[in-house]
Amino acid sequence: MSHDDFAVEPVEGLPERPPEGEQILWQGRPDTLALAREALNLNWIIGYFVLLAGWRFISVVDLMPLGQAIGATLPLLILGAVVCGMLYFIAMIQARATMYTITTSRIAMRIGAALTLTVNLPYRELGNAALDLRKGGTGTIALDTTGTTKLSYLVLWPHARPWRFGKTQPALRCIPDAENVARILADAAEARITTPQITRTMPHDAVAAE
């Protein structure tokens, strides 16, 4: 569900205060560098420009003095640095605009740098959660939704499991200490799902009397 982009958040990352009895267990944002690497392919872009600059240098070093060959290669390295800087800046904006929240009842994802949305995922509408753990402790927790829940990949990006277009899986992308966060999520979901749901029904005689 979405909320007013200009409304003041009573609790950071949530459009309203949690109902009575619901407790916040964890909040966090993506790691900027990890997000740039995984969502924006920063490492591939760096490699591309390094190879391009290397090819340029090798192709001209035999045709001109060393200093001129370096000068002919330098613009490609500068261009690569500018592009990589822009990608890192985009990742930083996305990370700062994001707040993931795990409570005793749900996962809330406040996402979007331009258009802010809050996606609420109750545990009873989730199937599985898959942890993709990376070096340094960062990782992505992808969530498999059940029932009729349908989410747009383009709206969620980059907070979605990569390359899953058929059934979009929302994801807590590139979070620090991901293994511990996954443990918190698993314990909260298990506790919530195993809690009996009490509903109030009208006595049969009362219905007949009406």
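Let me begin with helix α1, residues 32–39, which lies across β6 and β7 and runs at about 115° to β7; I should say at once that what we are looking at is a predicted model.

The strands under discussion belong to an open sheet of three, in the order β5-β6-β7, and the pairing in that sheet is antiparallel. At its edges stand β5, residues 126–133, and β7, residues 171–175, and because each of these has a single partner strand, one side of each is left without a neighbour in the sheet. From one strand to the next, the twist averages 10°.

If we look at one of these pairings in detail, β5 and β6, the latter covering residues 139–145, are joined in the antiparallel sense over six bridges. Within the sheet, A130 stands opposite A142, which is in β6. As a general reminder, strands of a sheet pair through backbone hydrogen bonds, in either a parallel or an antiparallel way.

Turning now to the aromatic rings, the count of aromatic pairs comes to three. In the pair made by Y48 and F49, the ring centres are 5.3 Å apart and the planes stand at 80°, and since planes over 60 degrees apart count as edge-to-face, that is how this pair is classed.

Are these two residues buried or exposed? Y48 has 48% relative accessibility and therefore counts as partly exposed, whereas F49, at 12% relative accessibility, falls under the 20% limit and so counts as buried.

Finally, there is an aromatic cluster to point out, and its members are Y153, W163 and F165.

Terms used. Residues are numbered from 1 along each chain as its sequence is written. This is a predicted model: local features need pLDDT of at least 70, side-chain atom pairs count only at pLDDT 80 or more; totals for chains, interfaces and linings use all residues. Side-chain values use heavy atoms; hydrogens and water are left out. Two strands pair if DSSP finds at least two bridges between them. Helices (H or I, at least four residues) and strands (E, at least two) are DSSP runs, numbered from the N terminus. Axes are lines fitted to C-alpha atoms, for helices over the stretch in contact, and angles run from 0 to 180 degrees between N-to-C directions. Contact means heavy atoms within 4.5 Å. Rings of Phe, Tyr and Trp (its six-membered ring) pair if their centres lie within 6.5 Å; planes under 30 degrees apart count as stacked, over 60 as edge-to-face and the rest as tilted. Buried means under 20% relative accessible area, exposed over 50%, partly exposed in between (1.4 Å probe, protein chains only).
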